[in-house]
Amino acid sequence: MDYKYLSDTGVQLPASGLGTWKYTGGIEPLRTGIALGATFIDTAESYGTEEVVGRAIQGKRKALFLATKVSPRHFRHAHVMTSAEASLRQLNTDYIDLYQLHWPNYTIPIDETVGAMEQLVDSGKVRFIGVSNFHVRDLRNAQKAMTRHKIVANQVRYNLIDRSIELGLLEYCQQQSITVIAHSPLATGLSNIMARDPDGVLEKIAKHRSKSAAQVALNWCISKPGVVTIPKSNSVEHVKENCAAADFQLSGEELQLLETKIRCNRRGPVEVVMRRMARHALQLMGRNQ
Ligand SMILES: NC(=O)c1ccc[n+]([C@@H]2O[C@H](COP(=O)([O-])OP(=O)(O)OC[C@H]3O[C@@H](n4cnc5c(N)ncnc54)[C@H](OP(=O)(O)O)[C@@H]3O)[C@@H](O)[C@H]2O)c1
């Protein structure tokens with residue numbers, strides 16, 4: 001397992017952790033991952049998987065880095081506090097390593113939400129504050145609202161077929177020393193990458209390297225400075241594979257082939273603004289996630 005620093009905290013995270021959205025594998029795959037060094041587990045109050053994570057980590061808590069998220073509908077100060085308490089209970093622990101704002105909520109002042117997050121750090125219930133799905137503007141606003149702690153991570157979609165963050169966000173995070181946690185690093189399923197790889201370069205490189213296609217796809221993400229991944233798998237075999245995804249280095253030529261031959265999306269500034277407005281409109285209608 002390869003490790004990367006979480007921002008400038010001095011804490012090291014495995015480059016390949018364990019995601020748990022739609023996770024139904026029970027405790028075995030998680031325990032296998034932990035044993036192989038994937039000591040960073042990501043969940044969220046909205047996933048319904050905090051409880052299984054809580055069971056999987058019993059007896060190993062000190063060696064682990066646990067990340068969970070508060071949903072935008074709970075961004076009022078009092079609700080952040082209640083959500084954090086509920087997550088602590090579900091996870092069966094007395095502290096959360098990284099507490100993340102799951103999505104921006106444009107209907108609640110960010111100062112209020114961030115104030116609650118900082119209070120949680122002061123009380124020792126949370127070690128570090130992170131955000132998720134924040135664009136540069138959202139991130140700047142949140143950073144400005146912080147009074148005594150820092151945002152150390154932004155969890156965003158990043159994989160071989162969705163490279164939108166390369167249009168400014170990745171660079172901003174790298175400059176600000178904000179770790180990028182790449183969610184959906186396998187594009188929610190390898191077949192989605194294959195469908196955009198007409199020349200089959202992913203499989204060709206995997207075969208040449210005696211690695212799996214998933215390992216090459218994860219390794220591509222990990223090759224970027226300041227980026228770690230959190231693939232999700234219900235399968236012990238896949239978890240083992242993913243835990244070894246950082247154990248080699250793709251060459252410059254291989255990276256270039258992946259980047260030029262696999263067709264990817266990059267949402268530009270106009271689409272980002274449109275999506276932001278759509279989210280804001282839904283939130284005004286009371287449909288916060
Ligand atoms: N912050 C957010 O808004 C957000 C959004 C989405 C996801 N996330 C986080 O990111 C994590 C990962 O993203 P994701 O769950 O969307 O998708 P993902 O990790 O990109 O892909 C998961 C899919 O890949 C398969 N898979 C995993 N390892 C494999 C391997 N070695 N070989 C072949 N197939 C493999 C899994 O199947 P098996 O289970 O059968 O192995 C599953 O179908 C989530 O679990 C969650 O923690 C966060």
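1. How far is the sulfur of Cys243 from the closest cysteine sulfur, and in which residue does that one sit? The partner is in Cys221, 15 Å away, so it's too far for a bond. For Cys173, the closest cysteine sulfur is again in Cys221, at 14 Å, also too far for a bond. Searching the whole structure turns up zero disulfides (pairs of cysteine sulfur atoms within 2.5 Å).

2. A quick note on the source: this is a predicted model, where local features need pLDDT of at least 70 and side-chain atom pairs pLDDT 80 or more, while totals for chains, interfaces and linings use all residues. Numbering runs from 1 along each chain as its sequence is written, and side-chain values use heavy atoms, with hydrogens and water left out.

3. Both cysteines are buried (under 20% relative accessible area, 1.4 Å probe, protein chains only): Cys173 has 1% and Cys243 has 6%. Helix H9 (a DSSP run of H or I, at least four residues, numbered from the N terminus) spans residues 213–222, with 10 of its 10 residues buried. Cys221 is one of them, as are Trp220 and Asn219.

4. Now the ligand. Of the 28 residues around it (a heavy atom within 4 Å), Trp21, Asp42, Leu186, Ser233 and His238 come nearest. Helix H10, residues 236–243, gives the most to this shell, with three residues.

5. On polar contacts (N or O pairs within 3.5 Å), a backbone N or O atom of Trp21 lies 2.7 Å from a ligand oxygen, and a polar backbone atom of Pro185 is 3.3 Å from a ligand oxygen. A side-chain N or O atom of Glu241 is 3.1 Å from a ligand nitrogen. Alone, the ligand exposes 900 Å² (Shrake-Rupley, 1.4 Å probe), and the protein buries 87% of that.

Terms used: A polar contact is a pair of N or O atoms within 3.5 Å; within protein, one must be able to donate a hydrogen and the other to accept it, and residues adjacent in sequence count only if both atoms are side-chain atoms. Helices (H or I, at least four residues) and strands (E, at least two) are DSSP runs, numbered from the N terminus. Buried means under 20% relative accessible area, exposed over 50%, partly exposed in between (1.4 Å probe, protein chains only).
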